[in-house]
Amino acid sequence: SLHERVKFFLFKSLDKLTIFFSKKNSIYIEKNLFSLRSYFKLNLKLKLFPQNFKFLFNYKLDNRFLDNIIYNQIKRENIEFKNFKKTNEEHSFQDFLDTTIKFDIPLCFLEGYDEIVKKNKTIKINPKIILSAYHYTNNERFKLWVADQVCLKNTKFLVAEHGGGEQMKFNGSFKSSKKVADKRITWTKPRIHKDHQLPALGIVNLKRKNEKYLSYVELPQDLFANQLGSYKFNYTNMENILSLRKNLSSKPLNSLRYLPYKKVFNPESSDIKKILNKKYINKEGVLRKFIPISKIIICTYAGTSFTESLLTGPTILIGDKYIPSWSDSRGDLMDTFRKCKIVFNDPKKACDHINSIWDSPHQWWNTNEVQIAIEQFKSEFIYINKKPLSVVRPGTQSRK
């Protein structure tokens with residue numbers, strides 16, 4: 001449409017200006033990692049022109065291009081895996097590759113590959129350091145550009161493991177970042193020599209006030225394995241909600257609000273909506289809106305949501321997943337959380353605990369036992385600093 005053509009023209013024009021003014025930048029920082037305010041403050045501190053691109057590395061626009069690529073059946077049929085020696089004539093791995101994998105290769109890595117490479121040759125920035133948080137996992141054009149920068153121009157590649165999921169021993173990408181990155185920036189204490197711990201941004205600003213809700217944070221589900229090490233096949237949300245309806249007393253039950261996980265299709269959703277009706281709050285950024293007004297937050301997985309909730313007030317986790325890093329931590333954090341009633345395997349026992357503390361949850365939360373457990377969690381898995389950008393030490397930006 002004319003509107004889109006005008007918008008894309010403006011985006012490209014703004015990007016050209018950004019590239020012109022930032023051509024001497026020795027560092028490329030992915031904007032998505034920070035709030036807009038923090039992003040500009042960080043660039044100012046590092047004496048960089050902010051590279052807040054509108055068109056370049058915009059994967060939503062790139063996906064439109066990929067949607068127009070025609071699947072080439074003949075090209076895929078002609079792919080042969082000649083270097084594999086068959087060990088079993090009936091069921092060999094080579095047969096699997098020849099009959100299945102080559103037909104499942106994403107379009108961007110086959111039919112659209114040459115076009116992406118061609119587009120990347122027009123990118124006129126050559127940083128000495130690249131910092132990424134999201135693009136390196138889900139932006140194909142960015143991945144290929146980084147590979148060229150690292151392999152051909154000796155650029156250093158840094159990855160920010162930005163979420164609370166880092167408390168897991170294996171995150172969704174199965175720690176691929178430790179293989180592709182020169183350094184990993186994490187919330188948690190360093191685990192490998194590449195790790196460097198920096199403060200978490202944005203979390204400390206969330207505070208409980210006007211508390212009245214019992215907020216349930218949905219366990220995200222997937223229809224297929226979209227990540228290595230995916231844990232999202234236990235459909236327990238419905239089981240938990242039925243238990244809450246049956247076992248909660250009237251006050252917490254009337255205050256229950258169900259907070260869906262954004263951008264993930266949940267096959268339980270329609271049934272849960274029917275059960276909860278208006279208690280099902282399906283809005284963008286819903287957890288951030290409900291944390292300040294929740295008396296108690298129920299989490300269902302050990303990720304960013306649990307971390308954000310735990311740091312702000314009364315929070316429990318319902319789940320039977322073994323979390324190796326918790327048990328490997330000083331003093332067995334999993335065992336500690338269970339003893340002080342932060343973690344429950346059984347939703348009924350969680351309901352009993354909620355019923356007993358509902359009128360005054362902070363009385364339980366502020367006990368020495370609970371606060372010691374929280375401090376143990378913070379010391380292992382999240383670095384809090386009220387002025388997180390103060391720990392960034394600018395270095396020389398001149399090229400040698």
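In the predicted model, Ser-243 is in contact with Leu-248, Pro-347, Lys-348 and Cys-351, once its neighbours within four places in sequence are left aside. Ser-243 belongs to helix α10, which comprises residues 237-247. Because its relative accessibility is 11%, and buried residues are those under 20%, Ser-243 counts as buried. The helix that carries Ser-243 lies across four strands, namely β6, β7, β8 (294-299) and β9 (315-318), and α10 runs at about 160 degrees to β6.

The strands crossed by α10 are part of an open sheet of five strands, arranged in the order β7-β6-β8-β9-β10 with parallel pairing. The edges of this sheet are occupied by β7 and β10 (343-344), each of which has a single partner strand, so that one side of each is left without a neighbour in the sheet. Although β7 stands at an edge, both faces of this strand, which spans residues 256-259, are covered: Leu-256 and Tyr-258 are buried on one side, and Arg-257 and Leu-259 are buried on the other. This arrangement can be set against the general pattern, in which the side chains of a regular strand alternate between the two faces of the sheet.

The partner of β7 is strand β6 (residues 213-217), and the two strands pair in the parallel sense over four bridges. Within this pair, Val-217 stands opposite Leu-259 of β7. On its other side, β6 pairs with β8, again in the parallel sense and over four bridges, and here the bridge partner of Tyr-216 is Ile-298 in β8. Three bridges then join β8 to β9, the two strands running parallel, and Ile-298, the residue that partners Tyr-216, has Ile-316 as its bridge partner in β9. A path of bridge partners can thus be followed from Tyr-216 in β6 through Ile-298 in β8 to Ile-316 in β9. Six of the six residues of β8 are buried, and this strand is therefore largely enclosed by the rest of the structure.

A further open sheet, also described by five strands with parallel pairing, has the order β1-β2-β3-β4-β5. Its edge strands are β1 (27-29) and β5 (195-197), each of which pairs on one side only. Averaged over the sheet and with direction ignored, neighbouring strands are turned by 20 degrees against each other. Helix α8 (residues 140-153) packs on this sheet, where it touches β1, β2 (129-132) and β3, and the direction of α8 makes about 150 degrees with that of β2.

Within the sheet that carries α8, β2 and β3 pair in the parallel sense over four bridges, and Leu-131 has Leu-158 of β3 as its bridge partner. Strand β3 (residues 156-161) is in turn joined by four bridges to strand β4 (residues 183-186), with the two strands running parallel. Leu-158 also takes part in this second pairing, its bridge partner in β4 being Lys-183. Leu-158 is thus bridged both to Leu-131 and to Lys-183. Five of the six residues of β3 are buried, so this strand is largely enclosed by the rest of the structure.

Pockets and cavities were also examined. The second largest pocket has a volume of about 290 Å³, and its lining consists of Lys-12, Asp-15, Lys-16, Ile-19, Phe-55, Leu-56, Lys-119, Thr-122, Ile-123 and Arg-141. Helix α1 (residues 2-21) supplies four of these residues, the largest share of the lining. When the lining of this pocket is divided by class, five residues are charged, four are nonpolar and one is polar.

In a search of the whole structure, one cavity of 30 Å³ or more was found, and the largest cavity has a volume of about 40 Å³. The residues that line this cavity are Ser-22, Lys-23, Asn-25, Ile-27, Tyr-28, Gln-51, Ile-125, Asn-126 and Pro-127. Ile-27 and Tyr-28, both among these lining residues, lie within the residue range of the edge strand β1 (27-29). By class, the lining of the largest cavity comprises four nonpolar residues, four polar residues and one charged residue.

Technical notes: Residues numbered from 1 in each chain as written. Predicted model: local features only at pLDDT ≥ 70, side-chain atom pairs only at ≥ 80, totals over all residues. Heavy atoms only, no water. 1 Å grid on protein atoms, 1.4 Å probe; cavity = no way out; pocket = protein on both sides within 12 Å on 5 of 7 lines; lining within 4 Å. Points joined across faces, edges and corners; volume = space filled by probe spheres on them. Nonpolar A, V, L, I, M, F, W, Y, C, P; charged D, E, K, R; others polar. Buried < 20%, exposed > 50% of the residue type's maximum accessible area, 1.4 Å probe, protein only. Pairing = 2+ DSSP bridges. Axes fitted to C-alpha atoms, helices over the stretch in contact; angles between N-to-C directions. Contact = heavy atoms within 4.5 Å.
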